[in-house]
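User: I would like a close look at a single helix in this protein. Please keep it brisk, and explain the terms as you go.

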Amino acid sequence: MRHDVIIVGGGAAGVGMGVALIDFGIHKFKIVDRHEVGASFARWPEEMRLITPSFNTTPFGILDLNAVALDTSVANFLGEEHPSGKDYARYLRELVKEMDIPVMGGWEVANVEELPAGGFRLTGPRGDMECRYLIWAAGEFQFPRLNPFPGAELCQHNAQIASYHKLPGDEYVVIGAFESGVDAAVHLAEAGKKVTLLCNDEELALQDQDPSRSLSPFTRQRLLNAQKTHGNLQLRYNCQVQEVKQTGKQYTTIAANGIEFATNTPPILAVGFRGGTGPVEHLFKYRDDGHFELSEVDESTLADGLFLSGPLVRHEHHIFCYIYKYRQRFAVIAQALAGRLDVPVSDELLELYDRNQMRLHDLSCCGQECIC
């Protein structure tokens with residue numbers, strides 16, 4: 001079967017993109033996901049929470065920061081300011097149900113081929129599917145970075161942990177001190193574990209106007225509270241990990257400065273994600289910084305009709321890794337597709353998206369710093 005549009009990924013980016021397509025009058029599309037809607041969020045550790053706060057400001061013209069669709073509020077639906085992954089997955093599934101978004105779960109994409117006459121063929125264990133336009137919204141969490149240094153296979157990535165409080169043992173080393181590393185260390189300390197958090201000098205000290213480049217206030221405050229409340233959380237700076245070794249039941253984490261940290265539990269990797277773009281990587285051109293080169297409408301500069309949506313979107317120095325950031329690009333893609341499919345778009349719809357800060361089509365306004 002050939003669709004006008006296929007969206008790969010049933011997370012926040014995929015579902016939000018589906019809502020935008022419907023709003024812009026595009027109905028011949030399908031979301032495919034190798035698991036189910038909200039699968040990545042549902043697989044978060046039990047204790048992990050969204051770091052951006054939800055608040056029901058929608059009636060007052062300010063969209064909830066974690067909403068992916070107009071006229072919805074995560075805070076109102078869940079009654080939580082910082083919802084868990086499982087609860088946020090409930091929000092996404094309810095949105096799919098209410099909007100009657102066509103979703104095919106259990107459909108894994110193994111390969112994507114650009115067709116000579118235009119469009120794409122997606123192949124997987126369950127067969128083939130074709131589309132004229134493809135939106136890749138596969139996200140990151142299910143694709144952790146597992147091999148950053150020798151011996152990393154001896155560690156456990158934070159994305160592989162079901163619950164910090166249920167981990168065995170009483171002492172842990174956490175490698176990486178951005179959001180997920182601090183989150184792991186705080187929860188382990190709260191669980192009564194002795195924790196050593198290894199970080200580079202700049203990781204915790206960096207204060208950038210862009211929240212994608214520095215620790216969020218929510219996470220920084222939790223770290224400070226944990227240090228005051230628990231005497232079992234130690235920060236070690238200038239500890240770029242070079243290798244992890246195992247001797248018997250003991251794990252040794254070796255830093256570049258020669259310092260070694262020994263524990264009877266596997267170190268926890270909190271070093272980020274590689275992203276789920278494997279099947280389409282050959283259809284994107286890479287920039288000098290290693291990110292995909294995208295057009296002004298988030299389209300591949302190599303493959304006509306292939307769009308990128310979600311936390312992997314980058315434009316020069318602009319990072320769209322948070323929901324409230326990358327949701328602003330849904331309408332940009334939807335408007336571009338509506339034009340190519342000859343679907344009329346009203347000025348009222350564009351104004352509605354603009355009024356709710358859901359259509360960031362002028363990137364020249366980004367990067368302005370606060371005065372404080």
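Analyst: What follows looks at helix H5, then at a loop residue that touches it, with another helix and the whole chain for context.

This is a predicted model: local features need pLDDT of at least 70, side-chain atom pairs count only at pLDDT 80 or more, and totals for chains, interfaces and linings use all residues. Residues are numbered from 1 along each chain as its sequence is written, and side-chain values use heavy atoms, leaving out hydrogens and water.

Start with H5 itself. It covers residues 179-190, which makes 12 residues. Helices here are DSSP runs of H or I with at least four residues, strands are runs of E with at least two, and both are numbered from the N terminus. From first C-alpha to last, H5 reaches 17 Å, close to the expected 16 Å. That expected span is 1.5 Å times one less than the number of residues.

Is H5 buried or exposed? Buried means under 20% relative accessible area, exposed means over 50%, and partly exposed lies in between, with a 1.4 Å probe and protein chains only. In H5, 11 of the 12 residues are buried, so the helix is largely enclosed by the rest of the structure. Among the buried residues are Glu179, Gly181, Asp183 and His187. After H5 comes Gly192, with a positive phi near 90°.

Now take Ser216. This residue sits in the loop between helix H6 (201-205) and helix H7 (217-229). Its relative accessibility is 7%, so Ser216 counts as buried. Leaving aside residues up to four places away in sequence, Ser216 touches Ile51 and Glu179. A contact means heavy atoms within 4.5 Å. Glu179 is one of the buried residues of H5.

Helix H9 (residues 330-340) is also mostly covered, with eight of its 11 residues buried. They include Phe330, Ile333 and Leu337. The cover over the buried residues of H9 includes strand S1 (2-8), helix H1 (12-23) and helix H10 (347-355). Just after H9, Asp342 takes a positive phi of about 60°.

Finally, step back to the whole chain. The protein chain has 10 helices and 17 strands. Its radius of gyration is 21 Å, close to the 21 Å from the globule rule for 372 residues, so the chain is as compact as a globular protein of that length. The radius is taken over C-alpha atoms, and the rule is 2.2 Å times the number of residues to the power 0.38. Of the 372 residues, 54% count as buried.
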